[in-house]
Amino acid sequence: MRWKDQIKSLAPYQPGKSKDEVKRQYGLEEIIKLASNENPFGCSKKVSEVMSKETGYFALYPDGYATNLRECVAEHVGVTKDQLIFGNGSDELILIIARALLRPGFNTVMATPTFPQYKHNAIIEGAEIREIPLVDGHHDLDQMLAVIDEKTNVVWVCSPNNPTGTYIPKKKLESFLARVPKETLVVLDEAYFEYVVADDYYNSVELVEQYSNLIVLRTFSKIYGLASLRVGYGFASKEIIRALEPVREPFNVNSFAQLAAIEALGDQEYVENCRTLNHQGLEQFYNFCKEHNLSYMPSQGNFILIDFKTDGNEVFQFLLERGYIVRSGNALGFPTSVRVTVGSKEQNAGIIEKMSQYMQVKAH
Ligand SMILES: *Cc1c(COP(=O)(O)O)cnc(C)c1O
């Protein structure tokens, strides 16, 4: 068969070990997973209450226009219904954008390290990839601008950035957008938008009004706690949405996801509460780092990258054997760090105790 050459170099997604496997292997009673930036508190109770209502509809296709969800999101975000596109997770929106715009002979610009799906999809489409290293964990927007040319179809900006948790301040993002050519689509991935507490964060809805070449991606997988249902959305000018829509599969967001997302969106009190608890959780980790003189990235997300100045895999393994699954920085472009998802207060205290043990063992 004549496979695309470029996919031969790609590895299939490697799922981590299952909780049961880890339990058996290390003789543990309980495993706490702080590896995928999932909400440790789950989703709003309102979601579980409504889900049983959907059981009669297994045989029917979902609403391909996500009519009700569309109305709710339009009102919540403050855009019109024709400014929205829905995806099977924002992962799928990344795929749709890549599929619509990237191809051999054109290029795409992104930071590194950042969320890996931008590059992954760009490789599949055969576009040239221009990666600009982060500077102290931050997007180097000037350098990204410097490599944009008349063949640049998409530039990806992740804010807050995964895996660093850093965000782009309002002024910097505005001056960047003002200088990107109008023929280049800017994708602003705001998967962690709802966690942000920084004062100088921008208003991406206003930016979309101002820039006709900007699309913003958000998701129900993170603060809303619906990762398993797969639903994300993008908002942009209606011209961008109109251009992308034919690339979307007709029934890409299932009925449960649509129903759950509506309920989740309706419980903003829950979201606010999660944001506050996350902020307090981050403080637990900052205090730990300060106490042990470890450098870390101040985060606007629900995760923190901590530099142990040793092999990240070793820290990962130490924590794994003691019942905590994190992400080794090795796979994320920060080989001496680990990325920890902020858990509940108790979970944070638990993993901090194990990380302190690690520091003691290391010191002797
Ligand atoms: C988790 C994450 C996504 C993907 O979210 P889904 O909606 O679950 O596909 C996208 N971008 C970033 C930066 C993420 O961290």
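This section describes the ligand site, the second largest pocket and the cavities of a predicted model.

The ligand is surrounded by 13 residues, and the closest of these are S90, Y192, T219, S221 and K222. By class, this shell comprises four nonpolar, five polar and four charged residues. Three of the closest residues named above make polar side-chain approaches to ligand oxygen. For T219, a polar side-chain atom is placed 2.5 Å from an oxygen atom of the ligand. For Y192, the separation between an N or O atom of the side chain and a ligand oxygen atom is 2.6 Å. For K222, a polar side-chain atom is found 3.0 Å from an oxygen atom of the ligand. Taken on its own, the ligand has 390 Å² of accessible area, of which 93% is covered by the protein.

The second largest pocket encloses about 240 Å³ of space. Its lining consists of 15 residues, and those lying nearest the centre of the pocket are H139, D140, L141, D142 and K172. Two helices, α6 (141–147) and α7 (170–179), each contribute at least two residues to this lining. The greatest contribution is that of α7, which supplies four residues. In terms of residue class, the lining of the second largest pocket is made up of six nonpolar, five polar and four charged residues.

Two cavities of 30 Å³ or more are present in the structure. The largest cavity has a volume of about 50 Å³. Its lining is formed by D63, G64, Y65, A66, R70 and F86, together with R248, P250, F251, N252, V253 and Q258. Of these lining residues, six are classed as nonpolar, three as polar and three as charged.

The second largest cavity contains about 40 Å³ of space. The residues that line this cavity are N39, P40, F41, Y195, C274, N278, N302, V342 and G343. Five of them are nonpolar and four are polar, while no charged residue takes part in the lining of the second largest cavity. Charged residues do occur in the lining of the largest cavity, where they number three, and in that of the second largest pocket, where they number four. The shell around the ligand likewise includes four charged residues.

How values were computed:
Residues numbered from 1 in each chain as written. Predicted model: local features only at pLDDT ≥ 70, side-chain atom pairs only at ≥ 80, totals over all residues. Heavy atoms only, no water. 1 Å grid on protein atoms, 1.4 Å probe; cavity = no way out; pocket = protein on both sides within 12 Å on 5 of 7 lines; lining within 4 Å. Points joined across faces, edges and corners; volume = space filled by probe spheres on them. Nonpolar A, V, L, I, M, F, W, Y, C, P; charged D, E, K, R; others polar. Near = heavy atom within 4 Å. Polar contact = N/O pair within 3.5 Å; in protein donor to acceptor, adjacent residues only side chain to side chain. Areas by Shrake-Rupley, 256 points an atom, 1.4 Å probe, with all protein chains shown as cover.
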